[in-house]
Each structure stands twice: as structure tokens, then as C-alpha cells.
Amino acid sequence: MCNFNDLNDETKTFLSLFMKKAAASVGGENNLLSLIEAIRAKHSPLISSKSQIASNKTILKWNKVIFKDKLLVLDNIIVMHRQAQNKEFNILDEKSLKKKKKIINFVKTLKPIEFVVTPQNPNDGNGFSFGVFDTLDLDNEIVKFNPIFLAFFFCSVEFTKKALKYDMV
């Protein structure tokens, strides 16, 4: 999940392009990386009551408070994701109906959340936004995390550095 070298070429290219555009839209790579470091410095940043995290040059805000019970479900899914070593991890691949129902409720709660990153200096760029999920098809029971969400909240700064340096062949 957070090993850039293990990702498929399509995901590497997507992450690289997104991170390069994101860095340009907030005033450069250093501003983007300092935001990710600010996220890492917070304990459970997603349940911040202010629904925002700020670094020296950028601010990350989201439009809905995430409560601890949903964070626990998210943590369990992330652990499953890491253990699965599956590049195309579907979070609804769960045998237990009780756990699957919790995950579906989790998805419905987090589906409308949008993360918006803006530079504190308007001259640095317009910023960017991203959501929690990349694929969301509850009818066919397919839900996949947005790799950008995972990169910002669960992967290391080194992961983002590799994405920024990746050369598409």
C-alpha cells in the first residue's frame, strides 16, 4: 500500500502526475512535503475538531467531522489493506456480514468528504482537492481508496518524494 516500488505502473504514473501538479498548485514541492509532515505530526489528524491541518505555507481542510468510531473502522481497513499486499484492494472484500455492514456505513459516512488544500499565500497557486475513495460502486460491492488520500494520511513523506521524482517511461 505505502511502498511506492510495489505499485503498478498506472498507479505510479497517476500518483506522480497528481503530486507534481499538487506541488505546483501550492507553491512547490517543499510546501507540499511540509504539509504532509504537519499531518504526520498530529495524532489522529482525521478526527481534528477543526477539520483542518496547517503547515507554514498550506492549509488542508475538509468539510465534515470524522468521529472516533469511523476512525477505528478506517484503521482496521488500513491494517487489512497492508496485510493483503493486493494492489487492487477492494475494502468490501469481507466475508463477515457484520463487518461488511460496518464498512458500508463507514463508506457512506466518508463518501461526501472532500479534502481541500490551499496555499496560505494566494500567489503560490490555487490549491487542489481530493476525496477518500477512488472507486465507489456499492451496487457491485466495489470500493477502493483514493491513492492520494492514502499518500497524505497513511504513507511516509518518503513515499511522496518517490512519487514526485518518478519518471514516467
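A residue counts as buried when its relative accessible area is under 20%. Keep that cut-off in mind as you move through this predicted model.

**Stop 1: the whole chain**

Begin with everything shown as a cartoon. You should find 6 helices and 6 strands. Followed from the N terminus, the elements come in the order α-α-β-β-α-α-β-β-β-β-α-α. Turn the C-alpha trace around: along its principal axes it spans about 50 × 40 × 25 Å. The radius of gyration is 16 Å, which agrees with the value near 15 Å that a compact globule of 169 residues would have.

Now switch on the surface. About 9,400 Å² is exposed, and carbon and sulfur atoms supply 48% of that area. Of the 169 residues, 44% count as buried.

**Stop 2: the charges**

Colour the charged side chains next. There are 25 positive and 18 negative ones, and the centres of these two sets lie 7 Å apart.

**Stop 3: serine 51**

Select serine 51, in the loop between helix H2 (29–41) and strand S1 (52–54). Is this residue buried or exposed? Its relative accessible area is 8%, so serine 51 falls under the 20% cut-off and is buried. Show what surrounds it: leaving aside neighbours within four places in sequence, serine 51 is in contact with Leu60, Lys61, Trp62, Lys64 and Val65.

**Stop 4: from tryptophan 62 to phenylalanine 115**

Stay with Trp62, one of those contacts of serine 51, and display the aromatic rings. The structure holds 17 aromatic pairs. In one of them, tryptophan 62 meets phenylalanine 115, with 5.5 Å from centre to centre and 50° between the planes, a tilted arrangement. Which parts of the chain does this pair link? Tryptophan 62 sits in strand S2 (residues 58–62) and phenylalanine 115 in strand S3 (residues 114–119), distant parts of the chain with the two residues 53 apart. Both tryptophan 62 and phenylalanine 115 are buried.

**Stop 5: on to phenylalanine 130**

Keep phenylalanine 115 selected and add phenylalanine 130. Their ring centres are 5.2 Å apart and their planes meet at 15°, so this pair is stacked. Phenylalanine 130 belongs to strand S4 (residues 128–131) while phenylalanine 115 lies in S3, so the pair ties together parts 15 residues apart in sequence. Phenylalanine 130 is buried, as is phenylalanine 115.

**Last stop: zoom out**

Finish with the contacts across the whole protein. Counting those between residues at least 6 apart in sequence, 64% join residues at least 24 apart.

Notes: Residues are numbered from 1 along each chain as its sequence is written. This is a predicted model: local features need pLDDT of at least 70, side-chain atom pairs count only at pLDDT 80 or more; totals for chains, interfaces and linings use all residues. Side-chain values use heavy atoms; hydrogens and water are left out. Rings of Phe, Tyr and Trp (its six-membered ring) pair if their centres lie within 6.5 Å; planes under 30 degrees apart count as stacked, over 60 as edge-to-face and the rest as tilted. Helices (H or I, at least four residues) and strands (E, at least two) are DSSP runs, numbered from the N terminus. Buried means under 20% relative accessible area, exposed over 50%, partly exposed in between (1.4 Å probe, protein chains only). The radius of gyration is taken over C-alpha atoms; the globule rule is 2.2 Å times the number of residues to the power 0.38. Contact means heavy atoms within 4.5 Å. Accessible areas come from the Shrake-Rupley method with a 1.4 Å probe; for residues, only the protein chains shown count as cover. Lys and Arg count as positive and Asp and Glu as negative; His and the chain ends are not counted. The place of a charge is taken as NZ of Lys, CZ of Arg, CG of Asp or CD of Glu.
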